[in-house]
Structures are given as C-alpha cells and as structure tokens.
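Here is a short briefing to read alongside the structure. Keep the 3D view open as you go through the bullet points.

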Amino acid sequence: MKNLAIFLAVITTQVYAQSNTDKLFLEKINQFRAQNGKTAVIYDETLDSAAHWHSGWMKQYQQLSHSEHFYHTTHQRIEKYDASAFIYRYDKYLVQENCVMGNHYSNNFTADSLVDLTFTAWLNSPPHREALLEDWATNIGFGEVLVETTYPMFPIKNNQFYATLVITTTNKQIRVIE
C-alpha cells in the first residue's frame, strides 16, 4: 500500500497599493477616516486601474470631468477592467468618484506634494469631503498623471497633475422595493 500525503496550505494575500503615490494616498485617507470615526478602506486593483484610465483621459483632453468620450461613467470604467464587477463584487448603487486637475510650480514636486494638494482640494470641497467619509466605503483606487514641464527662460518646473479617486463597497446592499 502506497502512502499518499496531501498537503493543504492556506495562503493569505493582501493587495497593497502599487505605487508610492497610491500608498501615500491610502495612508492619508485611512488616517482621515480614523480621525472621523470611520473604518479603513483597502486598495483595490480594479478601481485603481479605472482611476488611472480616467486621469490619463483628463490629461489627454486637458479636461476636469467625470464623463469622457470612451467610458462615459465611472461604472463603465470599472467594468472595463472587470466585466462582472457589479454582478459579483461591488454594489452598483454605491460608487463615488473624486477628480482633480491642478498646477504647481516647483522644482521639488514629489508624490507627497501631489497627494497633499489633491487631498487638500477634496477636503475643501463639501461633496468631495463627504465622499471620503462615506460609511459604506470599503475599497478605493487612486490614479494620477503628472506632467512636468520645464521652460528654458523660467527656472521653475510647471507640474500639472490629474488625479481620480474611485470609491465603492464590496458589501452588496439588499434593497426592498415597495
């Protein structure tokens, strides 16, 4: 009789933000949420991809907008990266998107600078601040595009940035229709 060994392994994985900017933003939003009695959110690769896509679109067309030519809504941008996102993963009724476009003149513009400027802009806007503090929020993705321009006669770089935050939940809500 042969001995058969079966090995079972439980592997726990946690998805971490991919870029330094993603990590900084995740830390900043979770710190802000904790200060306001809210639970932490986690980085989500699908939402991050949708956010990066939209920030790239805003840069290409130099527009600050929640709508675009290719994927008109945040939902469509999420489904671009996961076709069944709202069937199995996210609640389609609980999705928020924050966008920002700005310029900052500095030769020392860092990921910290981009995150601070973006976060401050959203904190100073009541609807954007409210989105950061949604009770139902569980998952976020943050996408940014930075364009550094140096002018020969001007000693300071123009740092033009575009950023998008996508917020949703994996807790599907049960709705009763009366």
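## Surface, salt bridges and a cavity

Y105, Y151, F154 and I156 together make a nonpolar surface patch of about 390 Å². Please keep in mind that this is a predicted model. The bullets below start at that patch, move on to the salt bridges, and finish with the enclosed space.

**The nonpolar patch**

- One of the patch residues, I156, belongs to strand β4, which covers residues 154–168.
- I156 has a relative accessibility of 33%, so this residue counts as partly exposed.
- A patch residue needs over 30% relative accessible area, and I156 has 33%.

**Salt bridges**

- The count of salt bridges comes to six.
- K28 and D116 are one such pair, with their side chains meeting at 2.9 Å, N to O. This pair links distant parts of the chain, 88 residues apart: K28 sits in helix α1, and D116 in helix α5 (residues 111–123).
- K28 is partly exposed because its relative accessible area is 24%. D116 is also partly exposed, with a relative accessible area of 36%.
- R89 pairs with D82, and their closest N and O atoms lie 2.9 Å apart.
- Is each partner in that pair buried or partly exposed? R89 is partly exposed at a relative accessible area of 29%, whereas D82 counts as buried at 15% relative accessibility. The cut-off here is that buried means under 20%.
- D82 and R89 also belong to a network of salt bridges that includes D44.
- E148 forms a salt bridge with K157, and here the closest N and O atoms are 3.8 Å apart.
- E148 is partly exposed, with a relative accessible area of 44%, and K157 counts as partly exposed at 26% relative accessibility.

**The cavity**

- How many cavities of 30 Å³ or more does the structure hold? There is one.
- The largest cavity contains about 30 Å³ of space.
- Which residues line the largest cavity? The lining is made of D22, F25, L26, Y43, I140, G141 and F142.
- Helix α1 (20–35) and strand β3 (139–151) each supply at least two residues of this lining.
- Sorted by class, the lining of the largest cavity has five nonpolar residues, one polar residue and one charged residue.
- Glycine is counted as polar in this scheme, and G141 is among the lining residues.

Methods. Residues are numbered from 1 along each chain as its sequence is written. This is a predicted model: local features need pLDDT of at least 70, side-chain atom pairs count only at pLDDT 80 or more; totals for chains, interfaces and linings use all residues. Side-chain values use heavy atoms; hydrogens and water are left out. On a 1 Å grid over the protein atoms alone, a cavity is a set of points where a 1.4 Å probe fits but cannot get out, and a pocket is an open set with protein on both sides within 12 Å along at least five of seven lines; lining residues have an atom within 4 Å of a point. Grid points are joined across faces, edges and corners, and a volume is the space filled by probe spheres set on the points. Helices (H or I, at least four residues) and strands (E, at least two) are DSSP runs, numbered from the N terminus. Patches are made of residues with over 30% relative accessible area and no salt bridge: like charges are joined within 9 Å, nonpolar side chains (Val, Leu, Ile, Met, Phe, Trp, Tyr) within 5 Å. Accessible areas come from the Shrake-Rupley method with a 1.4 Å probe; for residues, only the protein chains shown count as cover. A salt bridge is a side-chain nitrogen of Lys or Arg within 4 Å of a carboxyl oxygen of Asp or Glu. Buried means under 20% relative accessible area, exposed over 50%, partly exposed in between (1.4 Å probe, protein chains only).
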